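I sat down with this one to see how its charged side chains are placed. Here are my notes, in the order I looked things up.

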Amino acid sequence: MNALAGTSRNFRLASRLLGLDSKLEKSLLIPFREIKVECTIPKDDGTLVSYVGFRIQHDNARGPMKGGIRYHPEVDPDEVNALAQLMTWKTAVADIPYGGAKGGIGCSPRELSKSELERLTRVFTQKIHDLIGIHTDVPAPDMGTNAQTMAWVLDEYSKFHGHSPAVVTGKPLDLGGSLGRESATGRGVVYATEALLAEYWKAIKGLTFVIQGFGNVGSWVARLIHERGGKVIAVSDVTGAVKNPNGINIPELLKYKEATGSLKGFSGGDSLDQNELLVHECDVLIPCALGGVLNKENATDVKAKFIIEAANHPTDPEADEILSKKGVIMLPDIYANAGGVTVSYFEWVQNIQGFMWDEDKVNKELKRYMTQAFHNIKTMCQTHHCNLRMGAFTLGVNRVARATLLRGWEA
């Protein structure tokens, strides 16, 4: 089941639990605006090449739309649509005043030079500059894009609208980026994990963790869990997997990965088959990589007691049912990885105020938002007698539905 079908299914289940009017339900699913543009640029060798860019603006009932821009060969309208819709519910779950959007360009960023990427980003921005804005739609980096990409978007947008640092988040610090942004998603995952474990009178210290994915999010999750006395016993990424039943020395592994670009050959643990990582014995499993990694084939063999969905859509609906029946407690992606967009919101607030926060304030506010959101989800679980995934979806959908009704959606 693709991301769009999975997201729509969860939305419909939440809508039924909330008893939403069928017309309102339908209107909440329909995107506000879908933008498709042709981006034609000269390559370094002088030949012309054209790429298709998308921006899907899903909902703005609660505030300006917010969402990443991804550069990936498989960017298609369906996927972008699902992710835009997911952002609408995610920002509502975190209770930040945004709606949802998502964008992308169908290209292979690794095959383009830096100057080609800059030209492509500037052309894309030229085509959509009048449809994004500080109080309209605020893009951010995503797969295949980074702080430099956002710097180009900011510069190109400012040529039309004057200096506007708040038009994008995830910028370099020198252009108004926020301290704490790099670690935000991983740190948010750890705060969410602490909130969940506290419900069961447990703490990170002394528990065993398996982390799938060792990119930005996975490496920060591993580092912060290690600092809190948690035992990370297995880690994997595209280059390989490492296990150590006594706990991996995460600072050493980070140094090794930076030096070699790989997890293979790390002396502080044994290599492990990547497919076995997800079914490895542990207390807490944290998928931080791709979607759909937990499916009906491997769900019955999962031994973790808790699953924290740091990746987007890592659990297929079939796996979801199997794991729920087994009594595995799952913290849904729509909440667990909301730390990134929450600190993006802080960046936007700082830019609008023209007043920057120190890192302690950013992290303290992030913890407050993540902890509060967890308690709000638990309240919805009790009200609707549902699991955490439906608790999060009912919380998000209910907030958007209320804002839509208050604004007078039929007017």
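**Entry 1: a working rule.** I count a polar contact when a pair of N or O atoms lies within 3.5 Å, one able to donate a hydrogen and the other to accept it. I also kept in mind that this is a predicted model.

**Entry 2: Glu116.** With that rule in hand, I went to Glu116, whose side chain reaches the backbone nitrogen of Asp44 at 2.9 Å. That falls inside the 3.5 Å limit, so I logged a polar contact. I found a second backbone nitrogen for this side chain: that of Ser113 lies 2.8 Å from one of its polar atoms. Glu116 lies in helix α4, residues 114–128. Is Glu116 buried or exposed? Its relative accessibility is 6%, so I put it down as buried. Leaving aside neighbours within four places in sequence, I listed its contacts as Ile41, Lys43, Asp44 and Glu111. I also checked Pro42, which is 74 residues from Glu116 in sequence but 7.8 Å away in space, C-alpha to C-alpha.

**Entry 3: Asp59.** Next I looked at another acid, Asp59, found in strand β2, which spans residues 48–59. Which side chain of opposite charge is nearest to Asp59? I found Arg407, 7.3 Å away; Asp59 is buried yet has no salt bridge. Its side chain does reach the backbone nitrogen of Ala61, at 2.8 Å. Beyond four places in sequence, I noted contacts of Asp59 that include Leu28, Phe32, Met65 and Val400.

**Entry 4: salt bridges.** I then ran the salt-bridge rule and got a count of 22. I picked a few to follow up.

- Lys378 pairs with Glu199, the closest N and O atoms being 3.7 Å apart. Lys378 sits in helix α13 and Glu199 in helix α6, so I noted that the pair ties together parts 179 residues apart in sequence. Glu199 came out as partly exposed, at 35% relative accessibility.
- Asp283 and Lys305 meet at 2.8 Å, N to O, in a salt bridge. I placed Asp283 in the loop between α9 and β10, and Lys305 in the loop between β10 and β11, 22 residues apart. Asp283 is buried at 16% relative accessible area, while Lys305 is partly exposed at 44%.
- Arg389 forms a salt bridge with Asp320, at 2.6 Å between the closest N and O atoms. The pair links helix α14, which holds Arg389, with helix α10, which holds Asp320, across 69 residues of sequence. I checked accessibility, and both residues are buried.

I also found salt bridges that share partners, joining Glu118, Arg122, Asp155, Glu156 and Lys159 into one network.

**Entry 5: the two domains.** Last, I pulled up the domain assignment, which gives domain 1 as 32–91 + 99–177 and domain 2 as 178–410. The contact takes 25 residues from domain 1 and 23 from domain 2. I noted 25 Å between their C-alpha centres. How much area do domain 1 and domain 2 bury between them? I got about 1,900 Å², with 68% of it on carbon and sulfur atoms. Across this interface the rule finds 1 salt bridge and 9 residue pairs in polar contact. On the domain 1 side, helix α3 (residues 77–94) gives the most, with 7 residues touching domain 2.

Technical notes:
Residues numbered from 1 in each chain as written. Predicted model: local features only at pLDDT ≥ 70, side-chain atom pairs only at ≥ 80, totals over all residues. Heavy atoms only, no water. Helix = DSSP H or I, 4+ residues; strand = E, 2+ residues; numbered from the N terminus. Buried < 20%, exposed > 50% of the residue type's maximum accessible area, 1.4 Å probe, protein only. Lys, Arg positive; Asp, Glu negative; His and termini not counted. Salt bridge = Lys/Arg side-chain N within 4 Å of Asp/Glu carboxyl O. Contact = heavy atoms within 4.5 Å. Domains from an automatic or database assignment. Buried area = accessible area lost by both parts, 1.4 Å probe.
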